[in-house]
There are 2 protein chains.
Amino acid sequence: MVGKASDGVPRDETVARTLDDLAALTGVSRATVSRVINGGTAAEATRRRVQEVLARTSYRPNAAARKLASGRSGVVGVVVHVDPHLLFPDPYFSQLLQGITDHLAEQGTGMMLWLGNRTKEATLDHVLGMSFLDGVIISAHTLEDPVVDGLLGSTLPTVLIGHRRADRSASYVDIDNEQAADAITTHLITIGRTRVGHVTGSRGTVAGEDRVTGYQRAMRRAGLRFDRLIVDGDFTRESGVSAAAELLELGVDAIFCANDASAAGALETIRASGLRVPEDVAIAGFDDVEFAAHLDPPLTTVRQALRQHGMEAARALLQLLGDPGRAPRRVLMPTELVIRQSSVGGVPHE
Amino acid sequence: MVGKASDGVPRDETVARTLDDLAALTGVSRATVSRVINGGTAAEATRRRVQEVLARTSYRPNAAARKLASGRSGVVGVVVHVDPHLLFPDPYFSQLLQGITDHLAEQGTGMMLWLGNRTKEATLDHVLGMSFLDGVIISAHTLEDPVVDGLLGSTLPTVLIGHRRADRSASYVDIDNEQAADAITTHLITIGRTRVGHVTGSRGTVAGEDRVTGYQRAMRRAGLRFDRLIVDGDFTRESGVSAAAELLELGVDAIFCANDASAAGALETIRASGLRVPEDVAIAGFDDVEFAAHLDPPLTTVRQALRQHGMEAARALLQLLGDPGRAPRRVLMPTELVIRQSSVGGVPHE
DNA sequence: TATAGGATTGGGAGCGCTTCCATTTCGTGC
DNA sequence: GCACGAAATGGAAGCGCTCCCAATCCTATA
């Protein structure tokens with residue numbers, strides 16, 4: 001109010017740096033100002049008065065002081081230890097990150113990002129040294145990972161995206177790779193294929209290994225032989241190209257690739273060799289990334305809602321922070337078998 | 001030493017959470033421990049004793065407390081407000097980031113990364129709210145940028161990568177776009193071309209505008225007409241493709257593109273139209289990214305050492321932090337005209 | 001053997017905030 | 001109009017650290 005301009009406040013655009021400044025400006029105690037800001041109990045009139053001052057003051061709470069006093073900073077760390085050059089072109093990680101940032105932003109939580117431009121040891125050291133973090137989300141995709149080990153061994157609340165056997169007691173968001181791989185392999189068998197090959201993902205990754213296991217399980221259950229039909233790949237298109245060539249030599253009538261990128265590569269090889277998809281060789285991928293539906297023919301694959309994974313991980317971490325005593329939160333996200341023409345000829349585009 | 005195991009320390013793998021814990025463990029005061037850790041003066045014997053305890057203790061200083069007490073946290077922010085999907089595929093930004101992280105890591109400084117997955121307003125708010133930052137490096141490439149404005153208007157020490165006219169009193173690392181564009185245009189004129197076209201970068205970016213200005217300056221100085229020879233592009237290959245088509249209609253004998261990506265696009269168009277490079281139309285780009293030397297023919301361009309830019313920005317910020325009183329640090333990085341076959345026929349590959 | 005002067009050390013204040021607890025204020029029922 | 005309990009508020013401690021300053025310890029000099 002203009003009439004109040006005589007209450008000793010210097011200028012209208014007052015600057016208040018600390019709670020004490022605000023306290024002096026409003027005439028209440030620092031404790032009360034703190035309560036208003038943090039949503040504690042306060043008389044309606046007091047609240048209004050403080051908020052008025054707050055509005056014309058551009059006050060920002062000191063995050064360091066906050067963390068020190070309360071143990072909470074409202075900032076979490078996100079560690080995706082993958083070379084930045086590989087990270088963002090890959091729809092897998094960018095969707096994951098998108099989901100995480102979306103949920104955190106919505107909840108007003110800040111985030112610190114670590115990518116793989118240092119050694120894992122250095123990254124771990126940095127993260128643990130950054131003691132104003134409230135917690136961490138980390139992608140745990142490889143079987144050996146000192147950063148994951150280090151974080152789980154620390155007192156910092158941690159949520160994994162993906163998990164190893166050894167991480168079963170931690171909080172994580174993951175999918176059942178084995179069962180999804182089993183399901184898609186079974187699909188290929190169901191449409192009448194008997195010589196189903198598998199192009200693996202990178203050995204040493206959880207997803208890679210588990211998908212092999214799922215594939216084997218399905219083949220064994222169907223009574224089909226597969227011991228020579230597994231060729232190692234590494235999740236890249238290139239590996240799909242060459243692995244498919246090997247498999248064609250062995251005479252397969254279907255190929256399950258550990259992800260969509262390698263499936264795209266396999267597709268190239270098959271068509272280059274003059275064979276038809278799916279008539280001669282059916283093919284299936286994993287992930288259902290953007291381009292999968294636009295391949296020719298559209299690719300049968302396993303859909304995982306990666307953005308949801310990210311959001312779920314963020315949600316899990318915030319819950320953990322809200323109630324440190326609670327049990328670890330383990331979320332297995334659903335996957336969906338998406339059948340397209342690469343495995344079912346004649347069916348019109350979905 | 002094993003013989004020392006009787007000095008009352010509970011286990012060998014002692015845990016010390018605070019300086020006071022360490023003080024109790026070593027028998028010196030908290031102040032002394034702090035001095036040893038931070039490289040203050042301490043007697044050699046004391047220093048050794050403290051460090052011994054430090055070694056078997058896995059103590060980590062509390063960054064929040066540090067920031068509160070000293071004002072320094074050893075963490076800086078890096079803001080590259082570009083959509084992550086565009087960011088990392090682009091060698092420009094990834095090299096810049098690489099340089100920044102390299103120098104910061106080497107100096108033991110932590111970093112917090114903000115990418116463009118929120119609105120600029122939200123980003124600004126987050127960064128300013130993150131009060132444990134010691135300073136910020138931000139890429140300032142567009143003419144309008146509320147984040148840059150907000151940071152420069154705050155008390156947070158800030159170093160820009162790139163700069164607008166209005167930022168002339170800030171600290172920045174940049175190149176002289178105008179003069180580099182002038183130089184490369186002049187080069188095209190020198191080899192005898194008189195109808196030199198220009199495919200601009202995104203209008204609204206500093207680099208885009210300044211390169212137009214440099215081009216115009218060179219043309220004007222040579223007494224050549226250019227008013228109809230400027231076609232807008234946006235730094236993408238696609239824009240190079242279509243802009244070049246327009247320019248060919250007008251009958252140019254050389255094209256200067258605002259960056260290498262659009263030059264690659266222009267190259268495609270020219271060759272598709274049956275014209276020879278450089279005999280019929282010479283072509284030049286800007287940046288000297290990886291692929292420029294591998295185009296056919298190799299591309300004449302302006303090299304900027306982007307990794308160096310990043311390192312220089314980090315260095316500038318750390319200097320600023322070390323001596324807050326010092327004048328802003330403005331660095332114009334050198335550029336280098338790299339002449340390859342796209343503008344000089346017959347000359348063997350460099 | 002004193003003693004000045006430097007090196008080393010410990011005490012303690014204080015960074016800005018949250019939060020417990022005691023005090024004050026208020027609204028209500030009798 | 002008074003006592004009572006609940007609501008609102010202020011005082012003060014303390015989070016873990018740095019850094020100033022004063023106290024103590026040496027060492028070299030007279």
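Is Phe235(B) buried or exposed, judged by its C-beta neighbours inside 10 Å? The first legend answers this. In this predicted model, local features need pLDDT of at least 70, side-chain atom pairs count only at pLDDT 80 or more, and totals for chains, interfaces and linings use all residues. Residues are numbered from 1 along each chain as its sequence is written, and chains are lettered from A and ligands numbered from 1 in the order in which they are written.

**View 1. Positive phi at Phe235(B) and Asp288(B).** Phe235(B) counts as buried, with 23 C-beta neighbours inside 10 Å (buried: 20 or more other C-beta atoms within 10 Å; exposed: 12 or fewer; partly exposed: in between; C-beta atoms placed from the backbone). Its phi is near 75°, and Phe235(B) sits in the loop between β7 (230–231) and α11 (237–250) of chain B (helices are DSSP runs of H or I, at least four residues, and strands runs of E, at least two, numbered from the N terminus). Asp288(B), with phi of about 55°, is in the loop between β9 and β10 of chain B and is also buried, with 24 other C-beta atoms within 10 Å. Most residues other than glycine have a negative phi.

**View 2. Cis peptide bonds before Pro278(B) and Pro297(B).** The bond from Val277(B) to Pro278(B) has omega near 5°; Pro278(B) is in the loop between α12 (260–272) and β9 (282–284) of chain B. The bond from Asp296(B) to Pro297(B) has omega near 0°, and Pro297(B) belongs to the loop between β9 and β10 (301–304) of chain B.

**View 3. The surface near DNA strand D.** Around the strand are 24 residues, of which Ser29(A), Thr18(B), Ala31(B), Ala65(B) and Ala69(B) come nearest (near: C-beta atom, placed from the backbone, within 6 Å). Two or more residues each come from α2 (30–37) and α4 (63–70) of chain A and from α2 (30–37) and α4 (63–70) of chain B. The most, 5 residues, come from α4(B).

**View 4. The rotation axis relating chains A and B.** Chain B superposes on chain A by a rotation of 180° with 0.0 Å of shift along its axis, RMSD 0.1 Å (least squares on C-alpha atoms of residues with pLDDT of at least 70 in both). That is the relation of a two-fold axis. Of the residues of chain B, Ala64(B) is closest to the axis, its C-alpha at 2.3 Å.
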